[in-house]
Amino acid sequence: MYASYFGLKENPFNLTPDPRYLYLTRHHKEAFDHLIYGINERKGFIVITGGIGTGKTTLLRALLTRLDSFAEIALIFNPSLSDKELLVTINQEFGIDTDGKARTKKEHLDILNRFLLETFRQGRNAVLLIDEAQNFSHNLLEEIRLLSNLETEKEKLIQIVLAGQPELKTILAAPALRQLNERISVRYDLMPLEMEDIQTYITHRLLIAGASGNGIFSKGAYKEIYAYSKGNPRRINAVSDRALLIAYARDEPVVAKKTVKKAIKDIRGDVLYGDSLKAWVGKRIAPVSGLFLLAVLVSGIVWRLPVEITKEQSDVEPEAPYSEAPSSVEEKDGSIMLNEETSFASLFRLFHQYKGEKGYGNDGARAGIVWFNIEPGSYVMFRKPFQMRIKRDLVSPDSYLVIAEVTAGGAVVIDSAGNEQHVSRSFILEHCDGTVSWFSSQTYDDRNYAMGMSGPRVLEFQRGLAANGYLVKPTGIYDRKTKEMVRRFQSDFGLASDGIIGSKTRGLLYQMSD
């Protein structure tokens, strides 16, 4: 609709993984180099992990184009296969003719082995790409490991790329998959875009779509897009697309900061953008009523460790939050490393106050705890207070950071004295193991929401999906499109992809929505 208005030949911000639009940030280039190295050097197994929307699938599509001239390629993304069906699908993807006969698992394996030997004799490589690998069962992953036994005395006959969400690393670390994990020689974690990448990323997509220059977005618009997206390409695409549509409708030649703010409002379903946790983390944490929490606070033991804490900049200009927080150390009132009881009490107080100020009622006493395992760098997608566990090789027993707010340079944490302190992103990545938890009253909603249902809760879920880049229109009706987006959301985060919003899906949507 807006393409011709801005001099474009096509929509530059489609969410489909088009390799033409691949923008190689430093992280994407390194990931691509790891893939090419592992394949060319016949390393056997290569693992690429990254959060939702960071560009893994687009990277694989670009790899397909690069390898097409000198390699045989099979792409698998369906986790609902038996071990025999897996072999059949691999042979089909490689284009192997099996004469249409029903064959045993061994026969399919023998056919694949002959194909790989012939491919090797011709001087070509065979590459098996498995997308969304975190959804594959242990049994299927073990079957994939057995394929690596197809080799000559000196060379691997097949190179296997496993791409998936960060939880894939946790899955591979399971004792049952130890043999597979030990065979992986090339690994790379794909991180979100950094602030300095946003303008070049958007400009790159505009130029591919036919733009004659890079003056469509203002400087303030880029910063607003980063503040919302936290460098996640899927969110960048969603908000940029909506901002261009709004600018077109208003007959504006340039996408300004205010236009991006309106786009963010639309995507979030008219939830006020900027109504962040800053409004309440700046206040001193009020005491929570109840003898239980009082006892927890009195008996809590704080485990102190030397930590890197960044000095709060009170006189910084508005653009400063988009740069990495400084690394200077300032010792404040209390330790930011809290033991389990103290951290849960602090987290509960944040939830209690947040719920009250948001107008949802004082239902903190009914809060349930939600646990997830994430890649530490994925914390940037969280919108509400949470705690993250410190690596167990650094402290004993368990200790936690209580994170009140995510910032561009790191996070605002609550120390043992109840005060705010700033820590850098590098500190979080170095010290936290990715085990996160938060309070949510939604865990006490015992209903499962499915297609055909309607009401305010469905509308709330739709707004949460839309705010995170999933293309669903907030109508309050659980239609087929909503189910499709719920299944994609579940798949992206390693949940059972059934299209039904249960307690786990509700808890994660709650955390990732304002």
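## Hidden spaces

Searching the whole structure turns up 3 cavities of 30 Å³ or more. Keep in mind as you explore that this is a predicted model. The largest cavity has a volume of about 130 Å³, and 18 residues line it. If you would like to find its centre, look for Gly51, Thr54, Leu190, Pro192 and Ser378, the lining residues that lie nearest to it.

Two strands, β1 (45-50) and β5 (184-190), are the elements that give two or more residues to this lining. Sorted by class, the lining of the largest cavity holds 7 nonpolar, 8 polar and 3 charged residues.

## Meet helix α10

Next, let us visit a helix. α10 covers residues 233-249, 17 residues in total. At 1.5 Å a residue it should span 24 Å, and because its end C-alpha atoms are 24 Å apart, the expectation and the model agree.

How much of α10 is buried? The count is 12 of its 17 residues, so the helix is largely enclosed by the rest of the structure. Among the buried residues are Pro233, Ile236, Val239, Leu244 and Ile246, along with Arg234, Arg235 and Asn237. The buried residues of α10 pack against five helices: α8 (195-208), α9 (219-229), α11 (257-267), α16 (456-467) and α17 (480-492).

## The two ends of α10

At the N-terminal end, Asn232 acts as a cap for α10, with a side-chain oxygen 3.0 Å from the backbone nitrogen of Arg234. Just after the helix comes Asp251, which takes a positive phi of about 60°.

Methods: Residues numbered from 1 in each chain as written. Predicted model: local features only at pLDDT ≥ 70, side-chain atom pairs only at ≥ 80, totals over all residues. Heavy atoms only, no water. 1 Å grid on protein atoms, 1.4 Å probe; cavity = no way out; pocket = protein on both sides within 12 Å on 5 of 7 lines; lining within 4 Å. Points joined across faces, edges and corners; volume = space filled by probe spheres on them. Helix = DSSP H or I, 4+ residues; strand = E, 2+ residues; numbered from the N terminus. Nonpolar A, V, L, I, M, F, W, Y, C, P; charged D, E, K, R; others polar. Expected span 1.5 Å × (residues − 1). Buried < 20%, exposed > 50% of the residue type's maximum accessible area, 1.4 Å probe, protein only. Contact = heavy atoms within 4.5 Å. Polar contact = N/O pair within 3.5 Å; in protein donor to acceptor, adjacent residues only side chain to side chain.
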